[in-house]
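Reader: I have a structure open and I am not sure how to start reading it. Could you go through it with me, one piece at a time?

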Amino acid sequence: MARNIKIKIARAELDMTQKALAEAVGISRQTMNAIEQGEYNPTIKLCRAICKILGKTLDELFGEEN
């Protein structure tokens with residue numbers, strides 16, 4: 001799995017920490033870190049929750065690169 005730098009960038013735009021985002025979607029900071037590192041494949045429900053908090057679409061954060 002590739003790293004998901006898009007989540008990190010979206011968090012930074014909102015001045016949000018991993019811990020704050022993790023708490024907002026109901027997971028641990030360690031799990032959020034693993035998602036960003038590409039070490040954990042989140043469920044679609046979790047992906048949608050992350051997108052909602054960050055104000056992004058699924059394609060923007062989780063879409064495949066061309």
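**Starting from one side chain**

Author: A good place to begin is a single contact, in which the side chain of Asn4 reaches the backbone oxygen of Leu61 at 3.0 Å. Please keep in mind throughout that this is a predicted model.

Reader: Okay, and where does Asn4 sit in the chain?

Author: Asn4 belongs to the segment that comes before α1, the helix of residues 5-13.

Reader: Is Asn4 buried or exposed?

Author: Asn4 counts as buried, because its relative accessible area is 10%, and the cut-off for that word is under 20%. Leaving aside residues up to four places away in sequence, Asn4 touches Ile35, Glu36, Leu61 and Phe62.

Reader: Ile35 and Glu36 are in which helix?

Author: They are in α3, which runs over residues 29-37, and both are among its buried residues, together with Met32 and Ala34.

Reader: What covers those buried residues of α3?

Author: The cover includes α1, α2 and α4, the last of these being residues 44-54.

Reader: Let's take α1 then; how do α1 and α3 cross?

Author: Their axes come within 7 Å and cross at roughly 120 degrees, and the two helices are therefore oblique to each other. The contact of α1 with α3 divides into 3 nonpolar, no polar and 3 charged residues.

Reader: Which residues of α1 and α3 meet there?

Author: From α1 there are Ile7, Lys8 and Arg11, and they meet Met32, Ile35 and Glu36 of α3.

Reader: And what about the axes of α2 and α3?

Author: Those axes come within 8 Å and cross at roughly 105 degrees, so that α2 is roughly perpendicular to α3. On the α2 side the contact is made by Gln18, Lys19, Leu21, Ala22 and Val25, while α3 contributes Arg29, Met32, Asn33 and Glu36. Sorted by class, this contact of α2 with α3 has 4 nonpolar, 2 polar and 3 charged residues.

Reader: Met32 keeps coming up, so what does Met32 touch?

Author: Not counting residues up to four places away in sequence, Met32 touches Ile7, Gln18, Leu21, Ala22, Val25, Ile27 and Ile50. Met32 itself lies in helix α3, and it counts as buried because its relative accessible area is 0%.

Reader: How far apart are Met32 and Ile50?

Author: In sequence they are 18 residues apart, and in space they are 9.7 Å apart, going from C-alpha to C-alpha.

Reader: Changing topic, what is unusual about the phi of Asp15?

Author: Asp15 has a positive phi of about 55 degrees, although it is not a glycine. In general, most residues other than glycine have a negative phi.

Reader: Where is Asp15 found, and is it buried or exposed?

Author: Asp15 is in the loop between α1 and α2, where α2 is residues 18-25, and Asp15 counts as exposed because its relative accessibility is 73%, with the cut-off being over 50%.

Reader: What phi does Gly38 take?

Author: Gly38, just after α3, takes a positive phi of about 80 degrees.

Reader: Last one: what does the UniProt record say about residues 7-61?

Author: The UniProt entry, which is unreviewed, annotates residues 7-61 as "domain: HTH cro/C1-type". In this model that span is 71% helix and 0% strand, and its end C-alpha atoms lie 6 Å apart.

How values were computed
Residues are numbered from 1 along each chain as its sequence is written. This is a predicted model: local features need pLDDT of at least 70, side-chain atom pairs count only at pLDDT 80 or more; totals for chains, interfaces and linings use all residues. Side-chain values use heavy atoms; hydrogens and water are left out. Helices (H or I, at least four residues) and strands (E, at least two) are DSSP runs, numbered from the N terminus. Buried means under 20% relative accessible area, exposed over 50%, partly exposed in between (1.4 Å probe, protein chains only). A polar contact is a pair of N or O atoms within 3.5 Å; within protein, one must be able to donate a hydrogen and the other to accept it, and residues adjacent in sequence count only if both atoms are side-chain atoms. Contact means heavy atoms within 4.5 Å. UniProt positions are given in the numbering used here, feature names are shortened, and annotations may be inferred rather than shown by experiment. Axes are lines fitted to C-alpha atoms, for helices over the stretch in contact, and angles run from 0 to 180 degrees between N-to-C directions. Angles under 35 degrees count as roughly parallel, over 145 as roughly antiparallel, 65 to 115 as roughly perpendicular and the rest as oblique. Ala, Val, Leu, Ile, Met, Phe, Trp, Tyr, Cys and Pro count as nonpolar, Asp, Glu, Lys and Arg as charged, and the others, Gly among them, as polar.
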